[in-house]
Amino acid sequence: MPRPIVASAPPPPDLVANQHIYRDYFKEEFTQTLDENILQLLDRVWFRSELVGFDDYPQRNNPDRPLIFASNHSGMAFPWDAIVALSHLWRHLQQCHGHLRDLPRPLSAPLLSATTLMNPYLVRNFWKKCGSVDATTRNFETMMYYQDHNLMLYPEGVAGIGKGFNRKYQLQRLATSMIRMSLLHGTDIVPFYCINGEYLDPYAYSFAWVNRLVKKIGIPFLPITGLLLLMVVQPWIFYLALPAKLTFVMGTRIRPADLTAKAYDALTRPEYEALGEQVRGRMQAELDAAVIAHGQHPYQWRELWQRMKENRRFFPFFLPFAWPAAFAEFERRFVTNGERNFKMRLDAPGAFWKMLWRNPLVLAYFIPLLGWIPLAIKGYKNHKLGRKP
């Protein structure tokens, strides 16, 4: 039997060569400024997210390796659940002890970065600037030697996003790579659960043949929903999220080494799949309990109305139709102009109209049908349709 790699072993040369992914795009200043200028308002009013069980924040059981945070996907919705979770955790860690090393960096589906269209409001490389790394086997192996942050996975993959409302809160098959990396590096899996995320785009359904077609143009899935026709008339609805109150519930950490007596390199693929099913079963039971506790009233309209009244001076920026203007203005100032330490005055008189004037492409989000032409040109610039990322 080959000798198992111990957790303290240095990375192999090919992974050392790949360690540029640690810093290729990620800019903590980008994340911080985006959070302060836009995401805090969206979260405070629209998503009203809560962290349950995060006060006793998980610490690494192996100091040399990152923890693997794992969460369920919100079916058929644009990944606002991930954006809100990470921005809330960012603020939580700053407020508690300022130890951003504990913040997880996500491994995300490569299709999310394959086209600018799949980045929120066409902010180029949005996911990667916020810390995401394409979820490939090599990148996962490389990130296991990363010291500056923990990792976050959505182990259901694209199948979890596109599972449809008829399978809400049903965990799909988990990637066995998560189990393998945990065993190989002697680090724990920390599950947490997004509750009410299924209601960001409710009653949306998935069809495999439709998804196969849209993947050819860089879109991982197409939700078949009543909003689909509205998306043609008002392109901003492509990124729409309904005001579900997102609740993130910490689960019980899992140590796959306790589930098997074999070394990682002695396990067969069927055995890895069986371990994955054990982990999925544990996570599903905790997810079901969290839904019962926190998912019975997904919107909480009274609270939403109260938050809107309390923050009325920021109107209309807490409403989804105004988000394209806010994100475009942020990109113009941070990326195009290179500004730093700035404050977007979302409560200033006429702020929305001034943003439209400075960012005329935003008008395309409100033009029926024809508005998709300039958005698609920017969204697919430098992207070859049908190319695998």
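# A colleague's note on helix H8 and its surroundings

1. Let's begin with one pair of charged residues. Arg180 and Glu141 form a salt bridge through their side chains, with N and O 3.4 Å apart. Arg180 belongs to helix H8, residues 176-185, while Glu141 belongs to helix H6, residues 137-143. The two residues are 39 residues apart, and their pairing links distant parts of the chain. Please keep in mind as you read that this is a predicted model.

2. How buried or exposed are these two partners? Arg180 has 24% relative accessibility and counts as partly exposed. Glu141, at 21%, is also counted as partly exposed. Both values sit just where the cut-off helps: a residue is called buried when its relative accessible area is under 20%, so neither partner qualifies. As a general point, side chains of opposite charge can pair when their charged atoms come close.

3. Now look at the rest of H8. The helix is mostly covered, with eight of its ten residues buried. These buried residues are Thr176, Met178, Ile179, Met181, Ser182, Leu183, Leu184 and His185. What do they pack against? Their partners are strand E2 (68-71), helix H6, strand E5 (150-153), strand E6 and helix H11. H6 may ring a bell, as Glu141 of the salt bridge lies there.

4. Met178 is a good residue to click on in this helix. Setting aside neighbours within four places in sequence, Met178 is in contact with Ile68, Ala70, Phe140, Leu153, Pro155, Ile189 and Val279. Met178 also has a place in the largest nonpolar core, which has 122 residues. Within that core, the residues touching the most other members are Phe47, Trp80, Met178, Phe317 and Phe327.

5. Follow the chain past the end of H8. Just after the helix comes Gly186, which takes a positive phi of about 60 degrees. A little further on is Asp188, in the loop between H8 and strand E6. Asp188 counts as buried, with a relative accessibility of 2%.

6. Which residues form salt bridges with Asp188? One is Arg253, whose closest N and O atoms with Asp188 are 3.0 Å apart. Arg253 lies in the loop between strand E7 (247-250) and helix H11 (269-294), so this pair ties together parts that are 65 residues apart in sequence. Another is Arg255, where the closest N and O atoms are 2.7 Å apart. Arg255 also sits in the loop between E7 and H11, 67 residues from Asp188. Arg253 is partly exposed at 32%, and Arg255 is partly exposed at 39%.

7. It helps to place these pairs in the wider picture. The structure holds 22 salt bridges. Some share partners: Arg48, Glu50, Lys245, Glu303 and Arg307 are joined into one network in this way.

8. Helix H11 deserves a visit too, as the buried side of H8 packs against it. Leu287 is found in H11, and it is buried, with a relative accessible area of 0%. Not counting residues up to four places away in sequence, Leu287 touches Asn72, Tyr169, Leu171, Tyr193 and Ile195. For a sense of scale, Leu287 and Gln95 lie 27 Å apart in space, C-alpha to C-alpha, and 192 residues apart in sequence.

9. Next, turn to the surface. Val232, Val233, Leu363, Ile367, Leu369, Leu370, Ile373 and Ile377 make a nonpolar patch of about 730 Å². Which helices each supply at least two of its residues? They are helix H10 (227-233) and helix H15 (372-379). Val233 lies in H10 and counts as partly exposed, at 40% relative accessibility.

10. Finally, check the cysteines. How many disulfides does the structure hold? The count is zero. Why is Cys130 not bonded to another cysteine? The closest cysteine sulfur to that of Cys130 is in Cys194, 17 Å away, which is too far for a bond. For comparison, a disulfide needs the two sulfur atoms within 2.5 Å. Cys194 is likewise in no disulfide. Cys130 is partly exposed, with a relative accessible area of 21%, whereas Cys194 is buried at 2%.

Definitions and conventions
Residues are numbered from 1 along each chain as its sequence is written. This is a predicted model: local features need pLDDT of at least 70, side-chain atom pairs count only at pLDDT 80 or more; totals for chains, interfaces and linings use all residues. Side-chain values use heavy atoms; hydrogens and water are left out. A nonpolar core is a set of buried Ala, Val, Leu, Ile, Met, Phe, Trp, Tyr and Cys residues joined through side-chain atoms within 4.5 Å. Buried means under 20% relative accessible area, exposed over 50%, partly exposed in between (1.4 Å probe, protein chains only). Contact means heavy atoms within 4.5 Å. A salt bridge is a side-chain nitrogen of Lys or Arg within 4 Å of a carboxyl oxygen of Asp or Glu. Helices (H or I, at least four residues) and strands (E, at least two) are DSSP runs, numbered from the N terminus. Patches are made of residues with over 30% relative accessible area and no salt bridge: like charges are joined within 9 Å, nonpolar side chains (Val, Leu, Ile, Met, Phe, Trp, Tyr) within 5 Å. Accessible areas come from the Shrake-Rupley method with a 1.4 Å probe; for residues, only the protein chains shown count as cover.
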